[in-house]
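Open the model in your viewer and keep the selection panel at hand. We will go step by step, picking one thing at a time.

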Amino acid sequence: MCGGQYMESLERCHLLIESFREAGIKLIMIMNGPDPEENRSVWIKRNNARIEKSVYPTFDYLKDISKSVLPDKVASMIPQLNTKLLLTEILGAEVISSRQAADCEIARMAKNNDACIGILGRDSD
């Protein structure tokens with residue numbers, strides 16, 4: 001129904017969430033809201049760079065199907081298929097959808113939770 005490596009992605013998310021649970025760590029995921037208008041040009045630049053690194057190699061691979069394996073940078077991509085539903089309903093994770101860039105929500109949570117021991121992010125700033 002979803003195509004791609006959906007089951008593999010689900011399993012990787014499950015392993016990540018379970019590793020935190022087994023360590024006694026409450027994992028809270030915060031998903032970005034819309035970027036403020038003043039950040040739009042930076043977002044476009046970053047998105048284009050991501051496409052050049054991940055999407056274009058995928059199409060190049062498909063053009064030359066004689067290759068036996070996908071490039072590492074493509075094989076590790078996780079599909080963005082209704083991620084919040086996957087994390088909350090299937091894997092039982094706590095997910096907060098920010099109404100703005102997630103940076104503000106993360107800072108508020110870190111300030112308001114004495115037991116916050118770390119923040120993992122994929123953001124470049």
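**Stop 1: two helices that pack together**

Select helix 1 and helix 4. Their axes lie 11 Å apart, and the two helices pack at an angle of about 55 degrees. Why is helix 1 called oblique to helix 4? An angle under 35 degrees would count as roughly parallel, and 65 to 115 as roughly perpendicular. The angle of about 55 degrees fits neither range, so helix 1 is oblique to helix 4. Now turn the view to see the crossing: helix 1 passes helix 4 in a right-handed way.

Keep in mind that this is a predicted model.

**Stop 2: the side chains between them**

Which residues of helix 1 meet helix 4? Show the side chains of Tyr-6, Leu-10, Cys-13 and Ile-17. On the helix 4 side, add Leu-86, Leu-87 and Ile-90. These two groups are in contact.

**Stop 3: the largest nonpolar core**

Keep Tyr-6, Leu-10, Cys-13, Ile-17, Leu-86 and Leu-87 selected; they are among the residues of the largest nonpolar core. Add Met-29, Leu-91, Ala-93 and Val-95 to complete this core, which has 10 residues in all. Two elements give two or more residues to the core: helix 1, residues 6–22, and helix 4, residues 83–90. Which of them gives the most? Helix 1 does, with 4 residues. In soluble globular proteins, nonpolar side chains tend to be buried together.

**Stop 4: a residue in helix 5**

Select Ala-107. It sits in helix 5, which covers residues 102–112. Is Ala-107 buried or partly exposed? Its relative accessibility is 46%, so Ala-107 counts as partly exposed. Next, pick Ile-119 and draw a line between the two C-alpha atoms. Ala-107 and Ile-119 are 12 residues apart in sequence, and the line spans 9.6 Å.

**Stop 5: the whole chain**

Zoom out and colour by secondary structure. How many helices and strands does the protein chain have? Count 5 helices and 2 strands. Follow the chain along its sequence, and the pattern reads α-β-α-α-α-β-α.

Now show the surface. The accessible surface of the protein chain is about 9,800 Å², and 55% of it belongs to carbon and sulfur atoms. Of the 125 residues in the chain, 20% are buried. Last, look at contacts between residues at least 6 apart in sequence: 67% of them join residues at least 24 apart.

Notes
Residues numbered from 1 in each chain as written. Predicted model: local features only at pLDDT ≥ 70, side-chain atom pairs only at ≥ 80, totals over all residues. Heavy atoms only, no water. Core = buried A, V, L, I, M, F, W, Y, C linked by side-chain atoms within 4.5 Å. Buried < 20%, exposed > 50% of the residue type's maximum accessible area, 1.4 Å probe, protein only. Contact = heavy atoms within 4.5 Å. Areas by Shrake-Rupley, 256 points an atom, 1.4 Å probe, with all protein chains shown as cover. Axes fitted to C-alpha atoms, helices over the stretch in contact; angles between N-to-C directions. Parallel < 35°, antiparallel > 145°, perpendicular 65-115°, else oblique. Left-handed = near helix turned anticlockwise from the far one by under 90°.
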